[in-house]
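I want to keep a record of what I looked up here, one topic at a time. My notes begin with a term that the later entries lean on.

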Amino acid sequence: MTDPNIAAAIANRKPTARLDQHGDTWQLTMERDLAHPAERVWTMITDPTQLHRWSPVVPNRALDSVGPATSREVAGAAEEDAEVLQVDQPRLLVHRWGPHQLRWTLEPTDGGCLLRLEHTFGERPEAPSYGAGWHVCLGALEAALEHAEIDRAVGPAAKDYGWQRLHDAYADQFGSPS
């Protein structure tokens with residue numbers, strides 16, 4: 001069970017993301033300054049056991065080598081096609097999740113590393129949902145890095161982390177689709 005203070009901290013973090021159009025696609029970019037070395041964060045973004053603690057992408061294999069994979073958001077859900085496109089451990093992971101592309105970059109800093117997530121997708125109106133979802137998941141990643149016992153914040157459980165308020169805040173930040 002998640003500590004209500006952790007859920008509140010995730011929900012109350014200021015929404016920050018950038019949304020850019022690239023041709024027919026959209027790219028949501030989010031960053032987190034993490035107090036952990038890139039090698040530790042790398043494990044959290046590539047190991048299925050660790051991904052299951054915080055991420056909506058739970059693959060059938062480690063995301064540490066180029067090639068096909070499948071993933072599920074929750075047990076019993078249909079498998080989603082996935083593929084690792086690029087790996088440069090522990091700095092860069094690029095993979096597909098269904099039709100979406102996720103690019104994870106880890107840059108060392110004096111206090112740990114800067115994580116940058118670039119999520120590329122096709123439909124502009126989905127941006128606030130992805131912003132809110134990744135906001136919650138990246139907050140859960142930070143808590144997991146601190147060894148906090150948390151409930152996975154995906155699907156309906158994300159509402160316990162302020163998903164709806166965050167969705168509305170990202171919709172305001174991104175403005176109306178043109």
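**Entry 1: a term, and a salt bridge.** I first wrote down that a residue is called buried when its relative accessible area is under 20%, exposed when it is over 50%, and partly exposed in between. I also reminded myself that this is a predicted model. With that scale in hand I looked up aspartate 88, which has a relative accessibility of 32% and therefore counts as partly exposed. Its side chain meets that of arginine 91 in a salt bridge, with 3.0 Å from N to O, and arginine 91 is likewise partly exposed, at 45%.

**Entry 2: other salt bridges.** How many salt bridges does the count come to? I found that the count comes to 10 salt bridges. One of them joins arginine 13 to glutamate 142, where the closest N and O atoms are 2.7 Å apart. Arginine 13 sits in the loop between α1 (4–12) and β1 (18–22), while glutamate 142 belongs to helix α4, so this pair ties together parts that are 129 residues apart in sequence. I noted that arginine 13 is partly exposed, with a relative accessible area of 32%.

I then turned to arginine 116 and glutamate 107, whose side chains meet in a salt bridge at 2.8 Å, N to O. Arginine 116 is buried, with a relative accessible area of 18%, whereas glutamate 107 is partly exposed, at 33%. I also noted a network in which salt bridges with shared partners join Arg13, Arg32 and Glu142.

**Entry 3: helix α4.** I checked whether the length of α4, which covers residues 127–145, fits what a helix of 19 residues should give. At 1.5 Å a residue the helix should span 27 Å, and its end C-alpha atoms are 26 Å apart, which agrees. Is α4 largely enclosed by the rest of the structure, or largely open? I found 16 of its 19 residues buried, so α4 is largely enclosed by the rest of the structure. After the helix comes histidine 147, and I wrote down that its phi is positive, near 65°.

**Entry 4: histidine 100.** I looked for histidine 100 and found it in strand β7, which runs over residues 100–109. At 14% relative accessibility, histidine 100 counts as buried. Its side chain makes a polar contact with the side chain of tyrosine 130, at 3.5 Å. Leaving aside residues up to four places away in sequence, histidine 100 touches His95, His119, Thr120, Phe121, Glu126 and Tyr130.

**Entry 5: the cysteines.** Why is there no bond between the sulfur of cysteine 113 and the closest cysteine sulfur? The closest one, in cysteine 137, is 17 Å away, which is too far for a bond, since a disulfide needs the two sulfur atoms within 2.5 Å. The count of disulfides accordingly comes to 0. Both residues are worth a note on burial: cysteine 113 counts as buried at 0% relative accessibility, and cysteine 137 is buried too, with a relative accessible area of 4%.

**Entry 6: the domain record.** Last, I looked at UniProt, where an unreviewed entry lists residues 36–146 for "domain: Activator of Hsp90 ATPase homologue 1/2-like C-terminal". Over residues 36–146 I noted that the chain is 32% helix and 39% strand, and that the end C-alpha atoms are 9 Å apart.

Notes: Residues are numbered from 1 along each chain as its sequence is written. This is a predicted model: local features need pLDDT of at least 70, side-chain atom pairs count only at pLDDT 80 or more; totals for chains, interfaces and linings use all residues. Side-chain values use heavy atoms; hydrogens and water are left out. Helices (H or I, at least four residues) and strands (E, at least two) are DSSP runs, numbered from the N terminus. The expected span of a helix is 1.5 Å times one less than its number of residues. Buried means under 20% relative accessible area, exposed over 50%, partly exposed in between (1.4 Å probe, protein chains only). A salt bridge is a side-chain nitrogen of Lys or Arg within 4 Å of a carboxyl oxygen of Asp or Glu. A polar contact is a pair of N or O atoms within 3.5 Å; within protein, one must be able to donate a hydrogen and the other to accept it, and residues adjacent in sequence count only if both atoms are side-chain atoms. Contact means heavy atoms within 4.5 Å. UniProt positions are given in the numbering used here, feature names are shortened, and annotations may be inferred rather than shown by experiment.
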